[in-house]
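Reader: I'd like to go through this one slowly, and ask how you know each thing you tell me. Can we start once the picture is up?

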Amino acid sequence: MPLSEPVVPRRHAVAAATRDRVLSALERNGALQRLGARDAAVFRTRLQRHFADAFAPLRALYGHESGEQPHFQALLERLFGIVSEAAEARTEDLRILDHRREVDPDWFLHETMIGYVCYADLFAGDLAGVGERLDHLAELGVTYLHLMPLLAARDGPNDGGYAVVDYTRVDPRLGDVDDLRALSAALRERGMSLCIDVVLNHTAREHRWAQAARAGDPHYLAFYLTFMDRTLPDAYETTLPEVFPDLAPGSFSWDDDLRAWVWTSFYDFQWDLDYRNPEVFAAMLEVLLFLANTGVEVLRLDAVPFLWKRLGTDCQNQPEVHLLLQALRALVRIAAPATVFKAEAIVAPGKLVRYLGGHDDGQRPECELAYHNQLMVLLWSALAARDATLMTAALGRMEQPPRTTGWVTYVRGHDDIGWAVTDADAAAVGLDGATHRAFLASFYAGDFPGSFAQGERFGVNAATGDARSSGTAASLAGIEAALEAGEPELLDAAVARLLLLHAVIYGWGGVPLLYMGDELGLRNDRSYLRDPTRAGDNRWLHRPRMDWKAAARRHDAGTVEGRLFAGLRRLADARRRCPPLRGGGATTPWWTDSPQVFAWLRQHPREGGMLGLANFSDTASTIDAGLVAHAGMAAGVDLLRDGAEPVLRDGRLELPAWGCAWIVPAEASRWSW
Ligand code: GLC
């Protein structure tokens, strides 16, 4: 059969007829021919394979809005025109990468994956500087680098780069698009994939689209959500939570040029886009494809829950948000299948898994990765409470992600920690949700008696009393306090705590993300207070500059840096030797007979299992060894202790204070030791 006529099953007749019209249009205008015979055949197959996944959500979103069928057909042809142009612009090495990723579609879930997150300027000055520091990443086993916002952002306050003025330009202080291309290629060469942020929900008020709107251009006015008076804003605000209740109260901001209220979920200089307008969708599709073509492999889609608004709701996680992501997913995949979507959806546990694919609509693909915010919150909760009961129960209630997707797991990131413990999860273990959340905010601000943490409250909501927390992992885990006190035992405990948290995220499955500086235990950085564009936002407390002098001590076992760095390398090593962590497995918490010990079972249909254990107590704890046998790990060995057998005492398995283990059946580990 000729390559140009691939056989792909038709999903349904309407989609198929529309698809054929789209393909004919691409033939007519020469778009397919321009790809060259081989790539045109591949492109056609992809289009046929993924068309229905774009068509169904687009029809639900825009099919009725545009009224008549010819309008919708025209919209589709335009969108697929954008896709085919991007396919044409894709460089030869990226086309090869596309093929490689199609052959190995769960590449991003291999047990070798380890992510590192940093700001290019704080880590190494600029993009070129990052390229010179790859050895540091390689030592940690990093295969995935997330560079924090690096596109051109507005001058002055810009929410750490999340107020973009031009999605096609790199922040000039960091370099230009050629530097971005060079860096992504250099990373690839070392087996590392680049991830960057794309802010879909809003642009800076200084973005060209917003400027045109302010100048009265109706085309761009329709890109944003504007209101002549307070009637609708007031109506929406009765059910809208505030994102920054103290820094940027409300969700609407008055603009003098427009003489209107503009929807601004975050800061007043971040204008929410109106995705009811297909022009916005088309513009963002172009942005995503442009960035994919610079060699970025993972697109971190910022603040996606906010993309669609509905009166009478909290305007997050609306069904249309998922349709938008599904349509974008299918379209980007056709031109640039090496690209993976990562959802930044910091939402209630019951709403989170949905971002990894529609469980209830035939598994239409959505994002491949999403932040496991619950795991992060519950880790810190267990650390403060020295008790893993809530964590075990709450994680046990969560749905598994579809097997072709995975979590990014993390201990700390650039944002505050919002204490997202639901009332129902708290009640299930006999806690009061509000009291426990207040305890956590107080504990991590360091004002709860006996707290080892030195952080600060963030986003205090005067009306509800809710508060979140800021601070680096090291400061929150007690390293800062221990160093100040000069007490070696306190420091031992703090180092062990930080490694314990990482042992869970490295051993969970998915992609663990290491946040820059945590490998060295960097403490809170108060220098942001001297910068008026940052002083009001204490999330800068945990966005320190890389301390390369501290990094120079990373091989000195007598230092905090040396201990943490070696501990993380051990985890990376163990992870590479642990095939159950590979994509396609499932992770479930496992009850033990000790409330202090968190246990989780990772099971893979082909690669067997692993039982993780983490002791959240500052004294040694034991669990019934029978539980370990019950999990299928009788006579198991501990991957975190070079394959040694676990310590048993009177039929009980013992873990030291803040200690952890990854137990695999002895025969499973034989090949790796
Ligand atoms: C995301 C970012 C956060 C930012 C917000 C608005 O939540 O992680 O830092 O403030 O989006 O763009």
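Author: Sure. One definition before we look at any strands: two strands count as paired if DSSP finds at least two bridges between them. Keep in mind too that this is a predicted model.

Reader: What makes strand 19 and strand 20 a pair, and which way do they run?

Author: Strand 19 (residues 597-604) and strand 20 have eight bridges between them and run antiparallel. The cut-off is at least two bridges, so eight bridges make strand 19 and strand 20 a pair. Within this pairing, Arg 602 stands opposite Met 610 in strand 20. The two strands also form a hairpin, with three residues between them.

Reader: Which strand does strand 20 join through four bridges?

Author: That's strand 25 (residues 660-665), and strand 20 and strand 25 run antiparallel. Here Leu 611 stands opposite Ile 663 in strand 25.

Reader: Why is strand 20 called mostly covered?

Author: Buried means under 20% relative accessible area. Seven of the eight residues of strand 20 (residues 608-615) are buried.

Reader: How do you know that strand 21 and strand 23 are edge strands?

Author: Start with the sheet: three strands make an open sheet in the order 21-24-23, with antiparallel pairing. Strand 21 (621-624) and strand 23 (648-649) each pair on one side only, which means they are the edge strands.

Reader: How many bridges are there between strand 23 and strand 24?

Author: Two, and the sense is antiparallel; strand 24 covers residues 652-655. The cut-off is at least two bridges, so strand 23 and strand 24 count as a pair. Leu 648 has Leu 653 in strand 24 as its bridge partner.

Reader: Let's turn to helices. How do you know that the length of helix 14 agrees with its number of residues?

Author: The expected span is 1.5 Å times one less than the number of residues. For the 17 residues of helix 14 (residues 319-335) that gives 24 Å, and the end C-alpha atoms are 25 Å apart, so the two agree. Helix 14 is mostly covered as well, with 16 of its 17 residues buried.

Reader: What is unusual to look for in the loop before that helix?

Author: Check the backbone angles. Ala 303 sits in the loop between strand 11 (298-302) and helix 14, and its phi is positive, about 50 degrees, although Ala 303 is not a glycine. Asn 317 is in the loop between strand 11 and helix 14 too, with a positive phi near 60 degrees, and Asn 317 is also a residue other than glycine.

Reader: Why are Ala 303 and Asn 317 called buried?

Author: The limit is under 20%. Ala 303 is at 3% relative accessibility, so it counts as buried. Asn 317 is at 14%, so it counts as buried as well.

Reader: What about His 436: buried or exposed?

Author: His 436 belongs to helix 19 (residues 433-444). Its relative accessibility is 7%, so His 436 counts as buried.

Reader: What makes His 436 and Ser 381 a polar contact?

Author: A polar contact needs N or O atoms within 3.5 Å. The side chains of His 436 and Ser 381 are joined at 2.9 Å, so the pair falls within that limit.

Reader: And Trp 419, where is it?

Author: Trp 419 is in the loop between strand 14 (406-410) and helix 18 (423-428). With a relative accessible area of 6%, Trp 419 is buried.

Reader: Which helix holds Ala 550, and why is Ala 550 called buried?

Author: Ala 550 lies in helix 23 (residues 548-551). Its relative accessible area is 1%, so Ala 550 is buried.

Reader: Now the ligand. Which residues are closest to the ligand?

Author: The ligand is surrounded by 13 residues, and the closest are Asp 159, Asp 302, Glu 344, His 414 and Asp 415. By type, the shell has four nonpolar, three polar and six charged residues.

Reader: How do you know that Asp 415 makes a polar contact with the ligand?

Author: A polar side-chain atom of Asp 415 is 2.4 Å from a ligand oxygen atom, and the limit is within 3.5 Å. For His 414 the distance from a polar side-chain atom to a ligand oxygen is 2.9 Å. An N or O atom in the side chain of Arg 300 is 3.0 Å from an oxygen atom of the ligand. As for cover, the ligand has 310 Å² of accessible area on its own, and the protein covers 94% of that.

Conventions:
Residues numbered from 1 in each chain as written. Predicted model: local features only at pLDDT ≥ 70, side-chain atom pairs only at ≥ 80, totals over all residues. Heavy atoms only, no water. Near = heavy atom within 4 Å. Polar contact = N/O pair within 3.5 Å; in protein donor to acceptor, adjacent residues only side chain to side chain. Areas by Shrake-Rupley, 256 points an atom, 1.4 Å probe, with all protein chains shown as cover. Nonpolar A, V, L, I, M, F, W, Y, C, P; charged D, E, K, R; others polar. Buried < 20%, exposed > 50% of the residue type's maximum accessible area, 1.4 Å probe, protein only.
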